[in-house]
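Work through these exercises with the structure open beside you. Each task comes with a solution in steps.

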Amino acid sequence: MRRVAVLGVGVTKFGKHERTSGELFAEAAVDALADAEISPAKVQALYYGNVVGGETEHQLHTGPQAASILGIPTVPTTRFETACASSHAAFRHAVMEIAAGISDVVLVGGGERVLNVSTAASTEYFAYASDASWEQPLGLTFPGVFALVARAHMAKHGTTEAQMAAVAVKNHKHGVLNPKAQFQKEISLETVLKSPYIADPLKLYDCCPFTDGGAAVVLAAEEVARTRKRAVWVLGTAAASDSMLLGDKKDLSRVMATERAAKAAYTQAGRSPADVDVVELHDCFTIAEIVATEGLGLFEPGAGGIAAEKGWTSLGGKVPVNTSGGLKAKGHPIGATGAAQIAEIVTQLRGEAGPRQVDGATTGVTHTLGGNTATVLVSVFGRE
Amino acid sequence: MVTLKTFFDRAREGRLTGIKCGGCGEVAIPPREFCASCHARAWQVVPLAGDGTLVSYTVIRVAPAKHAADAPYAVGVVKLSEGASIFGRILDVPFEKLAVGMPLRFRPIVADAQTSVGFGPIA
């Protein structure tokens, strides 16, 4: 198997846009190719993430559409849909295509547009990633899924609403330092705790926003990347799944797919949680960050809430988490999120993150969760 | 084989149907081809009493478009006495009385052609 490196990354401003998901991806891809110093003519495939294009844009077949807008209409392209983990799944398959020797240069990315429809409509479309026979007819929402996780975590470990709120406060603080973030505004613990319930015990400020945006990553084989000083190496990339139905999850206070994917990715990388300097993980809800820090082995089960409260996951803390602002403040254009997280970790490992730089970071991790915790991807990156 | 249609046709009449693995004894909610625990394919259809305890719950206040008129409403995961767990709407329990571990009993929710799983107080 050949080694694979990230040569370039690009991310649009996250927020509301008057452009289609394909246009947003293409903007990010232009930046990623320029960053990589790779001509579009060299790209041999596009692996693309898009989730609700069929609903919000009446658009399927988004892979070739995105490639056409970018101006590489003849490369093979496939759209991946694993709910919110879509472009991280696309990334893993692109890595495998290069590692297997099929292609030398592959583009990965995603685009999503949801702010052109109402909140009630997008809430319904996102809920399509839960089960249509058992869960959707009862009005389950994604805040609802993570509210069940939160309640189970609170019952088992004594996690508090204030600890969850600390995650939101921290990620908003980080988001201020990211000019691409949807929210560049600090919020207080009191603001979070006084915000209205969306799905008890999760409140408005425990939830990430709906977001339009695009992100892209240029991958290359060792032969191409070897001479590139800013290359960041993919040390490991793993996917794991779990039962689709909430009732079939073995323990709602844990995300088993995170634990399985993390173990596989660390093994591939020859790294352990103690080696990790910086993490971008899936904080679609504040409790999701707490459970992910535990599942990634950064903290003991039950200690994730304490870690957030004590500042261990803040910039300057033991292991900074979501320096970009995370999904909470940077925003969550679902099909683009995995690629955007990779872009942040690559920027950190290159030492190019400016005011939000984690000093001396050499090993980074990205973690992306799909929908009802049934899909998780974890990747490990390094400078060497 | 118990299909989704069979399950919900019976649920509409107030009966919950499970399947029990002949290999390891695990009780699952159909449809399922292989047992996820031991990968045997030797199911026996078993009636489920419908009694269980609440594992986790939430009150959904911002609902999808289709359910906006129902909000706020409680949903949760209930562990049935036979072992399998199932997601459902929780009816007729004041929100402030909801608690992890409380006993609940199955009752069908029927709306036109759609049947779904509900739970209510035992007494």
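**Exercise 1. Contacts along chain B**

What share of the contacts in chain B with a separation of 6 or more comes from residues 24 or more positions apart?

Solution. Start with the ground rules. This is a predicted model, in which local features need pLDDT of at least 70 and side-chain atom pairs count only at pLDDT 80 or more, while totals for chains, interfaces and linings use all residues. Residues are numbered from 1 along each chain as its sequence is written, and chains are lettered from A and ligands numbered from 1 in the order in which they are written.

Next, fix the term. Two residues are in contact if their C-beta atoms, placed from the backbone, lie within 7 Å. Now the result: residues 24 or more positions apart account for 48% of those contacts in chain B.

**Exercise 2. The outline of chain B**

Describe the elements and the overall dimensions of chain B.

Solution. Step one: list the elements. Helices (H or I, at least four residues) and strands (E, at least two) are DSSP runs, numbered from the N terminus. Chain B has one helix and eight strands. Their order along the sequence is α-β-β-β-β-β-β-β-β.

Step two: take the dimensions. The C-alpha trace of chain B spans about 45 × 30 × 25 Å along its principal axes. The radius of gyration is taken over C-alpha atoms, and the globule rule is 2.2 Å times the number of residues to the power 0.38. For 123 residues a compact globule would have a radius near 14 Å; chain B has 15 Å, which agrees.

Step three: look at burial. A residue is buried if 20 or more other C-beta atoms lie within 10 Å of its own, exposed if 12 or fewer, and partly exposed in between; C-beta atoms are placed from the backbone. In chain B, 37% of the 123 residues count as buried.

**Exercise 3. A sheet in chain B**

Which strands stand at the edges of the open sheet β2-β1-β3 of chain B?

Solution. First, the pairing rule: two strands pair if DSSP finds at least two bridges between them. The three strands of this open sheet pair in the antiparallel sense. β2 (27–28) and β3 (43–48) of chain B stand at the edges; each has a single partner strand, so one side of each is left without a neighbour in the sheet.

Then zoom in. Strand β1 (residues 16–21) of chain B is joined to β3(B) by six bridges. Leu16(B) has Leu48(B) as its bridge partner in β3(B).

**Exercise 4. Where the chains meet**

How many residues of chain B are in contact with chain A, and which strand of chain B gives the most?

Solution. Count the contacts: 29 residues of chain B touch 28 residues of chain A. Four strands of chain B each supply at least two residues to this side: β4 (51–60), β5 (73–80), β6 (85–90) and β8 (114–120). β4(B) gives the most, with six residues.

Now sort by class. Ala, Val, Leu, Ile, Met, Phe, Trp, Tyr, Cys and Pro count as nonpolar, Asp, Glu, Lys and Arg as charged, and the others, Gly among them, as polar. The side of chain B that touches chain A has 18 nonpolar, seven polar and four charged residues.

**Exercise 5. An enclosed strand in chain A**

How many residues of strand β7 (residues 213–221) of chain A are buried?

Solution. Nine of the nine are buried, so β7(A) is largely enclosed by the rest of the structure. Check both directions. Gly213(A), Ala215(A), Val217(A), Leu219(A) and Ala221(A) point one way, and Gly214(A), Ala216(A), Val218(A) and Ala220(A) the other.

Add the neighbours. Strand β1 (residues 4–11) of chain A pairs with β7(A) in the antiparallel sense over seven bridges. Here Gly10(A) partners Ala216(A). β4(A) also pairs with β7(A) in the antiparallel sense, over eight bridges. Here Gly110(A) partners Ala215(A).

**Exercise 6. Two helices of chain A**

Compare each helix with its expected span.

Solution. The expected span is 1.5 Å times one less than the number of residues. Helix α6 (residues 142–157) of chain A has 16 residues and reaches 22 Å, close to the 22 Å expected. In α6(A), 13 of the 16 residues are buried. Just after α6(A), Gly158(A) takes a positive phi of about 75°.

Helix α10 (residues 256–269) of chain A has 14 residues and should span 20 Å; its end C-alpha atoms are 20 Å apart, which agrees. Its buried residues include Ala257(A) and Tyr266(A). Just after α10(A), Gly270(A) has a positive phi of about 65°.
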